[in-house]
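Q: Please take a close look at one part of this model, the aromatic surface patch. Then set that part against the rest of the fold.

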Amino acid sequence: MSIAIQLPWNTVHRTPTMPNPGDRVLELVDVGVSIGERRILDGVNLDVRAGEVLSLVGPNGAGKSTLLNAITGDVPLSDGEITLFGLPALSWDATELAMRRSVLLQSVDVTFPFSVDDIVRMGRSPWEGTAEEMDDDMIVESAMTMTEVMPLADRVYTSLSGGERGRAAFSRVLAQAAPILLLDEPTAAMDIKHQEMLMRIGREYAAAGCAVVVIVHALDAAAAWSDRVALLEHGRLRAVGTPEEVFTSTMLSDVYQCPIEVLPHPGGGLIILPKRPAITRHVYGEHHGFPDAARANLARLSGLSGQGVS
């Protein structure tokens, strides 16, 4: 298994320069990943450019997280190559990688009683000993303010709710101040307000000239905030392009194996939702025409719960 180069502690690391909008900062060429005899990714060709939000979408098991883990080096490649700023990803040492891309995983496991402020400050560790270290306090405060976790600064991280942990972890990757953000389902535990906040911040991060790659399950959010989307199916890229190019009713219905409607939004953008049957709403307790077998099952369940069935 290949690993990033580890250099002596006193090595002078190559600090990054800010890319120009449109620069190719990350490229995958014929990337394949196999686990045992199972092919997880196959022939993936994809580039990521400075100044864009690229959303990875697709059904469960399509290979989205594996693709992100391949980019970060957490999953070894079976085939192909990944380059970062024009060089093979493994030619950078661990600190140089951390200066160039920050990663938010699906779950951040913390066992020690670190405060939220401690967690966010961990994002500044790659810059220790550099001129950028002088800005640590300002950057940490800015990241926590943007994500609305400043009031939680003194709280123990493990005492937070899932959504609060997600925002604190996102603050850490923002504080890392890398030109590439790699985010794996960052909005999963968040309420709708903070889901939109996170995607908006990602949009602003890209507008500042950085690159953002984010795994998103909510297709409407991907359509609203992304410059491009990459649709995966069974470990392969089914389509890459703008949301309007990729998110068609025919394409999505086929990939997700579920009838999906795509409609233009009056204010611009897309409305994406599954086709649902019209239902007749009932007042609680009314079971007119309820099948006898189902009524009997309900009776047995109500006996367990102590509730009667009329």
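A: The patch comes first, then the helices, strands and backbone angles elsewhere.

This is a predicted model, in which local features need pLDDT of at least 70, side-chain atom pairs count only at pLDDT 80 or more, and totals for chains, interfaces and linings use all residues. Residues are numbered from 1 along each chain as its sequence is written, and side-chain values use heavy atoms, with hydrogens and water left out.

F112, F114 and M122 make a nonpolar surface patch of about 280 Å². Patches take residues with over 30% relative accessible area and no salt bridge; like charges are joined within 9 Å, and nonpolar side chains (Val, Leu, Ile, Met, Phe, Trp, Tyr) within 5 Å. A salt bridge is a side-chain nitrogen of Lys or Arg within 4 Å of a carboxyl oxygen of Asp or Glu. Accessible areas come from the Shrake-Rupley method with a 1.4 Å probe; for residues, only the protein chains shown count as cover.

F112 sits in the loop between β6 (101-104) and α3 (116-121). Helices (H or I, at least four residues) and strands (E, at least two) are DSSP runs, numbered from the N terminus. F112 is exposed, because its relative accessible area is 54%. F114 is partly exposed, with a value of 30%. The classes are buried under 20% relative accessible area, exposed over 50%, and partly exposed in between (1.4 Å probe, protein chains only).

The structure holds one aromatic pair. F112 and F114 form that pair, edge-to-face, at 6.1 Å centre to centre with 65 degrees between the planes. Rings of Phe, Tyr and Trp (its six-membered ring) pair if their centres lie within 6.5 Å; planes under 30 degrees apart count as stacked, over 60 as edge-to-face and the rest as tilted.

Now the wider setting. The protein exposes about 16,400 Å², and carbon and sulfur atoms supply 55% of that area. Buried residues make up 42% of the 310 residues. The secondary structure comes to ten helices and twelve strands.

Helix α1 (residues 64-72) is mostly covered, with seven of its nine residues buried. The buried residues include L67, L68 and I71. G73 follows α1 and has a positive phi, near 90 degrees.

Next, the strands. An open sheet of four strands runs in the order β2-β1-β4-β5, with antiparallel pairing. β2 (38-49) and β5 (87-88) stand at the edges, each with a single partner strand, so one side of each is left without a neighbour in the sheet. Strands pair if DSSP finds at least two bridges between them. β1 (residues 24-35) and β4 (residues 79-84) pair over five bridges. L28 has I82 of β4 as its bridge partner.

β11 (residues 260-264) and β12 (residues 270-274) also pair in the antiparallel sense, over five bridges. V262 has I272 of β12 as its bridge partner. The hairpin of β11 and β12 has five residues between the strands, and G268 there takes a positive phi near 105 degrees.

Finally, two backbone angles. Most residues other than glycine have a negative phi. F85 has a positive phi near 55 degrees. F85 lies in the loop between β4 and β5 and is partly exposed at 24% relative accessible area. A177 also has a positive phi, of about 55 degrees, although it is not a glycine. A177 lies in the loop between α5 (162-175) and β7 (180-184) and is partly exposed at 34%.
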